[in-house]
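Visitor: Please take a close look at a single part of this model, and tell me what can be said about its surface and its interior.

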Amino acid sequence: MIMTKNSMTKRKTIIFACFGIAIGLCIGTVLKNYRALEIVKRCNLKPNNQKNPFEIIGLKPEDTIQNSQKNLVFVGVMTAKNFIEGRAKAVYDTWGKEVPGRIAFFSSEGSFSEELPVVGLKNVDDRYPPQKKSFMMLYYMYENFIDKFEWFIRADDDVYIEPQKLEKFLRSIDSSKPQFIGQAGKGNSEEFGLLSLEFDENFCMGGPGVILSSETLRRVAPHIPTCLKNLYSTHEDVEVGRCVQKFAGIPCTWNYEMQYILRHNSSGRAAFTGKLKRKEIHNAISLHPIKQAPLMYRLHSYIQGLKAEEMRQESLMLHRDIRRMAKFLEIPDDSKYLVPGITLIPEEENSKRHVEDHNILGISPDLNKYVPKTKEDLLEWSFIARGLYSIEHANPKHKIDSATREGLEDVITEVMENINNYSRQRGRVIEFRELLYGYTRLNTLHGQDLILDLLLIYKKYRGKKMTVPVRRHLYVQRAFTGIFVKEFEEDFYNTTVQRSFFKQILNQGVEKLSNHFSLPGILPSSRTSSVGANSKIVFVLPIAGRLSTFKRFLDTYEKVSIAEDKNCDLLVVIFGSPDEIREHLELLQQLKSRNIYQQINYIQRQEDFSRGVALDTAARSSYIQDDNIILFIDVDMVFKLETLQRIRMNTIQGSQVYLPIVFSQYDPKRQHQEYISPDEITNESGYFRQFGFGICAIYKSDIMDESINGFDKDITGWGLEDVKFLEKIVKNGHQQNSFMVNTAEVSEDYNAKASQLRRLSIFRAPDPSLVHIYHDISCDVNLEVAQYNMCLGTKANSLGSTKLMENLFFESVDNMEFIKEFNRRKEVR
């Protein structure tokens, strides 16, 4: 009996112990997985405003590969919360909306955007490397869109993709077969042996983009959990490649050309910050990396410009085809109809106005397409060598300007690309080395003609190898296309003028009130609109002798600066002994007595005249405050109220210096006149002095900056001080500018020191209200060589127009006989 009770007690104890262990295990399991269960619970509680996958990318459930052309490719862009408003938005605003399919941005859990199609992946954060994010993005594509698209792309938010080239490329490949396309890699030398890759294995580099066919994704996606559990490296593109190799049975494309099609630039943050006119940009489908959002917009703008050029060229070719066919059909050139009632070039109603002449645009390229009717209609050729020799320029021999040089580079680059289009098939390549010389002319109807002599290098690398220098003449015609006119429903010009007029009245009224009352917050605070518009202009005038001209200048100053503008000061630096400057001081005293409330000051220098010394002394004087605009001017200048308005508008403190291009009069006596009115601005009365920098407007705080520090005082006599001063400003403007506009991916204190540097840019524009009155020029032979040559050049330019010089030359019988004799001797030699 006792034995039975003991056995029963033992049995109960064992049962309760087992039961307790089971309950403990259950409770432990629940507690262990409590957080995961809570996460799942939260994920299942779908917010009312959360969209389903189709709504996020704007895809209709009935859209399929078979019934829609917009279901070619789905692009998944990996990004992070911090980059959604910066790089991700730049991608969507540029190439993202033009994708031949759909695009979505994949970020960490909780990511959201009202403007972008953003997918916040569950249980995924923004840690780097983004291995889990990459795999879960692929699984999301498979789970929701595997039957909706032919191709799937894994991309980063710092890549630019050219949608039209991408579509053309993908439509040439069979998407029903397993395809894994990208720029193949095996790691760099430092990573050799650390990526666990076999000798025949590779991966597609993630930066420039990875393309998977729907069949590849279908094979790989179900095994993504297995791939995530077996990671051998920290590189997510390596692991994706390993997963594809294992479960789809294909490697990344072993194709040499992929490095040019999907282009990776190894320059890092400096990639695509410089010149964009490069072959790699023109030919690539994707470009990586573009680390700053502004660079993405810049690149997109350039690509759009290339497309516009292609469309204009296509339009031109169509005009030529129509004209050629019209000749075969014997349709008269002046006829607008193919047959009665049917126009040759249909015009749609309510379309944008396109002003063009088909008979001009349809002419095939020909150097003789323009036939002059008179001698005056002849087009002069300009000669291109180290410099540019042109009869149309005030200086017949001058440096090739940046626009012309850029145009020549574009032409040569495009021609060389066309020549080498089939270089691989032909086993040769031709390289451009040097432009030896050339000719150019411009016709306003037909375009630009070019004849270029090029030095090329011919390299043959198939068969018998050779490298040979060759010279070839290149004949190019850059034809103009039609003119597009955009019309506004309202009178845009007059409306804009009226708004500006009323705004000016309002500002003037507020300004007058502010002189008597404190009006905080009403006046604009912008430096360019407020300070610049009301800044005082201090005229700095160096003078030595020339009393009558000085009197004319003071009369102009009193009429414009004192009577009309009323916000100017005058500071005259006078060179000479007390006896020599006595009459000058009397004129200043008379002016001051008539205007007792005006600041009219002078500084006396008893030494040889030096414009550099005069300007530097005035700039450093206490007569000028830091927030005053200094206008360095010559005594021969006349000006108007518009001149002062332009000076205030174009001179920006800490940012911009204004160097107006003045109109310089020719010698009136050579035109049988005693005087030329300053209001007469014609080709025969004078010229805009492109190479004169003596008239300058700059804030005192800018000219006293340590990087400029006034004028060079070592120069005596006439000229050259303005050139030296210009060199200082140019050097200041080229200071290292390593910071960019702040975007979401750049911290506010990024390179703060660089942002505080004073960078002065130069603004130049012709000002017809600023006129240099002609006077006889006498060049002192004791000047330095550079100063003397500059003086002679100015004297020659001021004699008269090119047309006048030509007429004077041919009017002389001796000149004509000299030319005949010269040509006769040349023929004999």
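Guide: What follows is centred on one helix and the features that it shares with other elements. This is a predicted model, in which local features need pLDDT of at least 70, side-chain atom pairs count only at pLDDT 80 or more, and totals for chains, interfaces and linings use all residues. Residues are numbered from 1 along each chain as its sequence is written, and side-chain values use heavy atoms, with hydrogens and water left out.

Helix H12 spans residues 293-328 (helices are DSSP runs of H or I with at least four residues, strands are runs of E with at least two, and both are numbered from the N terminus). Three residues of a negative surface patch come from H12, the largest share; the patch consists of Glu309, Glu310, Glu314 and Glu414, and Glu414 lies in helix H14, residues 402-419. Patch residues have over 30% relative accessible area and no salt bridge, with like charges joined within 9 Å and nonpolar side chains within 5 Å; accessible areas come from the Shrake-Rupley method with a 1.4 Å probe, and a salt bridge is a side-chain nitrogen of Lys or Arg within 4 Å of a carboxyl oxygen of Asp or Glu.

Met325, which is placed in helix H12, joins Phe328, Leu329, Leu338, Val339 and Ile342 in a nonpolar surface patch of about 590 Å². To this nonpolar patch, H12 and strand S12 (337-339) each give two or more residues.

H12 also gives three residues, the largest share, to the lining of the largest cavity, whose lining residues include Arg323, Ala326, Lys327 and His358. A cavity is a set of points on a 1 Å grid where a 1.4 Å probe fits but cannot get out, and lining residues have an atom within 4 Å of a point. The volume of this largest cavity is about 70 Å³.

Note on methods. Lys, Arg positive; Asp, Glu negative; His and termini not counted. Charge placed at Lys NZ, Arg CZ, Asp CG, Glu CD. 1 Å grid on protein atoms, 1.4 Å probe; cavity = no way out; pocket = protein on both sides within 12 Å on 5 of 7 lines; lining within 4 Å. Points joined across faces, edges and corners; volume = space filled by probe spheres on them.
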